[in-house]
Amino acid sequence: MAMDTVSASMYAIFKVSDNSVKENIESTFIDKYISSWTTIAYEPEEIKLVNDMYSEEYGNYLIYIISKDNDKVIELIKG
C-alpha cells in the first residue's frame, strides 16, 4: 500500500552553458528520475504525472516540471 506522502511532483530549472551540459543533465538526473518512477510499482497516478512531464529549453535554461497542472507551474515560473 502506497503512503499518502509519496509524490512524483517536482520541478527543476538548470542554467546551461553548452550542449554537453544539457546532455549530461538529461542522462544523469532526468532519465534516472523518470526511471526510478516507471520501474518501481508506485501509484499509477504518479507514473502518469511522470510520463506527462513538461520539458522546455527557455534561453539558456532547461525547465522540467512534473505536477498535476504543468501549465500553471510554467506560467508561475515565467511570470
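Contact is taken here as heavy atoms within 4.5 Å. Helices (H or I, at least four residues) and strands (E, at least two) are DSSP runs, numbered from the N terminus. The structure is a predicted model, in which local features need pLDDT of at least 70 and side-chain atom pairs count only at pLDDT 80 or more, while totals for chains, interfaces and linings use all residues. Residues are numbered from 1 along each chain as its sequence is written, and side-chain values use heavy atoms, with hydrogens and water left out.

**Helix H2 and its two faces**

The buried residues of H2 pack against H1 and S3. Buried denotes under 20% relative accessible area, exposed over 50%, and partly exposed the range in between (1.4 Å probe, protein chains only). In H2, the buried residues are Glu46, Leu49 and Val50. They lie on the same side of H2 because they cover an arc of only 100° around the axis, the arc being that of the directions from the helix axis to the C-beta atoms. An α-helix has 3.6 residues a turn, so residues three or four places apart point the same way. Turned away from the buried side of H2 is a face that carries the exposed residues Pro44, Glu45, Lys48 and Asn51.

**The nonpolar core**

A nonpolar core is a set of buried Ala, Val, Leu, Ile, Met, Phe, Trp, Tyr and Cys residues joined through side-chain atoms within 4.5 Å. The largest such core has 13 residues, of which Ala8, Met10, Ile25, Tyr33, Tyr64 and Ile66 touch the most other members. At least two residues of this core come from each of strand S1 (10-15), H1, helix H2 (44-51) and strand S3 (61-66). H1 supplies the largest share, four residues. Met10, leaving aside its neighbours within four places in sequence, is in contact with Phe29, Ile30, Tyr33, Tyr64, Ile65 and Ile66.

**Salt bridges**

A salt bridge is a side-chain nitrogen of Lys or Arg within 4 Å of a carboxyl oxygen of Asp or Glu. The structure holds three of them.

| Salt bridge | Closest N to O distance |
|---|---|
| Glu57 and Lys22 | 2.7 Å |
| Asp52 and Lys48 | 2.6 Å |
| Lys78 and Glu56 | 3.0 Å |

Glu57 lies in strand S2 (residues 54-58) and Lys22 in helix H1, so their salt bridge ties together parts that are 35 residues apart in sequence. Lys22 is buried, with a relative accessible area of 17%, whereas Glu57 is partly exposed at 49%. Helix H1 spans residues 19-38. Not counting residues up to four places away in sequence, Lys22 touches Val16 and Leu62 as well as Glu57.

In the second pair, Asp52 is partly exposed, with a relative accessible area of 41%, and Lys48 is exposed at 51%.

The bridge between Lys78 and Glu56 also links distant parts of the chain, since Lys78 belongs to helix H3 (residues 70-78) and Glu56 to strand S2, 22 residues apart. Both partners are partly exposed: Lys78 has a relative accessible area of 36%, and Glu56 one of 23%.

**A nonpolar surface patch**

Tyr11, Ile13, Tyr58, Tyr61 and Ile77 form a nonpolar patch on the surface, with about 500 Å² of accessible area together. Such patches are made of residues with over 30% relative accessible area and no salt bridge, nonpolar side chains (Val, Leu, Ile, Met, Phe, Trp, Tyr) being joined within 5 Å and like charges within 9 Å. Accessible areas come from the Shrake-Rupley method with a 1.4 Å probe; for residues, only the protein chains shown count as cover. Within the patch, Tyr11 belongs to strand S1 and is exposed, at 57% relative accessibility.
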